[in-house]
Amino acid sequence: MTGETELSPARLRHARFAIAAVFCVHGAVTGSFATRIPWIQENAQLGAGTLGLALAFPALGAALAMPLAGRINHRLGARTALRALLALWTLSLVLPSLAPNLPVLCGALLVYGATAGMSDVVMNALGVETENRLGRSVMSSLHGMWSVGALLGSAAGTLAAHTGTDARLHHLIAALVLTAAGLAAVQGVLDLKSAEDAPAPPHFTLPPKSALLIGAIGFAAVFAEGASLDWSAVYLRDVLHTDAGLAAASTTAFALTMAAARLAGDRVVDRFGAVRTVRVGGVLATAGGLLVVAVREPAAALAGFGLIGLGIAVVVPLAFAAAARSGPNPAQAIAGVATITYTSGLIAPSAIGAVADATSLVVSFGLVTLLAFALVVGAAVLRPGAAVGQATGEAGPANRDEPAGTRP
């Protein structure tokens, strides 16, 4: 990528704050939507099964559209592409609440997911480039800002639901506010363009081989995340027979430890490197899973879900950063990893339910524990050049666990 060169420290700091604000806006859209799902379900007159079907369409739309993000980024340049795609994403927030029935809602959520995925790819590519220019890790805190945005959007949505505000009005106001905030934030991000002689990425391509290995690590982390967010409260209620308030606290414990770890994660990554950070995180998440499935006490389960959130928090940011350094086309590699992780998020809740139906929720979280341990085993693919070397059968660059903020 070409564009801004010889950037001053002040300009780089401004670019970092700007892309952090973009992540926050992106997360706020998700939080705003999630809190009004019950209203959307009632408005479209859906049962639990049909709602579950509809909620698969955002991930489907993202998976289909994300491979296009690299070409859009190449054609328009990073800042212009992000400006357009982020605005489409924030404005798409209004669509689901307008849907009167299942087919229209599925179409609305397909668009919603497609714009979410494409803007996600471009903003992560810009985040990685900002990290490279700064020479230190920032991807964890950027994803932490996404979590902050999701919490802010959820808080506003909870207030709107509590006051009985029509979701169509709520989402219209939120979309306009977030679009304005997003456009303002994008003005400060790095203005990068592809070199004139750089070949255009294909319209659609399968993830590169280097992204598959890195994506597998992201898959394990996102599976554990989706399972814990959607099933932790059910686990405490049905397996440990707690009351509804304590069951809900498990989800809160997971979300808060994950957000806090992401905001603080950059310092850890800069000190210990990506591989060691993920390995230690995998150990913590595995210990958390063992607490959940083996101890069978509410306090242990709450601590266990908190440890899972703490352990997997930085994995996806580091997977995106590693993908961007794994080949000549960062946006394409990030799109490949993002497609794999979105797929994991799509199948995790239903997979946990299917295993629980066939066996028990305890066995389901035994599977989560095994995937957490896979982070310990597979963390080495996040080492700079490791995924490329393993995918091609060649040795990668120096066998050293470099901090994520350094160039390979």
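**Disulfides, core and helix 11 in a predicted model**

Q: How many disulfides does the count come to in this predicted model?
A: The model is a predicted one, and a disulfide would need a pair of cysteine sulfur atoms within 2.5 Å. By this rule the count of disulfides comes to zero.

Q: Is Cys106 buried or exposed?
A: A residue is called buried when its relative accessible area is under 20%. Because the relative accessibility of Cys106 is 9%, this cysteine counts as buried.

Q: Which helix gives the largest share of the largest nonpolar core?
A: The largest nonpolar core holds 113 residues, and among those with the most contacts inside it are Tyr235 and Phe365. Tyr235 and Phe365 are also in contact with each other. The largest share of this core amounts to 14 residues, and these come from residues 102-134, which form helix 7.

Q: How far apart are the end C-alpha atoms of helix 11, set against the span expected at 1.5 Å a residue?
A: Helix 11 covers residues 244-272, and its 29 residues should therefore span 42 Å at 1.5 Å a residue. The distance between the end C-alpha atoms agrees with this expectation, at 40 Å.

Q: Where does helix 11 bend?
A: Several residues of helix 11 are buried, including Ala261, Arg262, Gly265 and Asp266. The helix bends by about 50 degrees, and the residue at which it does so is Ala264.

Q: Which residue places a side-chain oxygen within 2.8 Å of the backbone nitrogen of Leu246?
A: The contact lies at the start of helix 11, whereas the helix is followed by Gly273, with a positive phi near 90 degrees. The side-chain oxygen that reaches the backbone nitrogen of Leu246 belongs to Asp243.

How values were computed
Residues are numbered from 1 along each chain as its sequence is written. This is a predicted model: local features need pLDDT of at least 70, side-chain atom pairs count only at pLDDT 80 or more; totals for chains, interfaces and linings use all residues. Side-chain values use heavy atoms; hydrogens and water are left out. A nonpolar core is a set of buried Ala, Val, Leu, Ile, Met, Phe, Trp, Tyr and Cys residues joined through side-chain atoms within 4.5 Å. Buried means under 20% relative accessible area, exposed over 50%, partly exposed in between (1.4 Å probe, protein chains only). Helices (H or I, at least four residues) and strands (E, at least two) are DSSP runs, numbered from the N terminus. Contact means heavy atoms within 4.5 Å. The expected span of a helix is 1.5 Å times one less than its number of residues. The bend at a residue is the angle between axes fitted to the seven residues ending there and the seven starting there. A polar contact is a pair of N or O atoms within 3.5 Å; within protein, one must be able to donate a hydrogen and the other to accept it, and residues adjacent in sequence count only if both atoms are side-chain atoms. Lists of a residue's contacts leave out its neighbours within four places in sequence.
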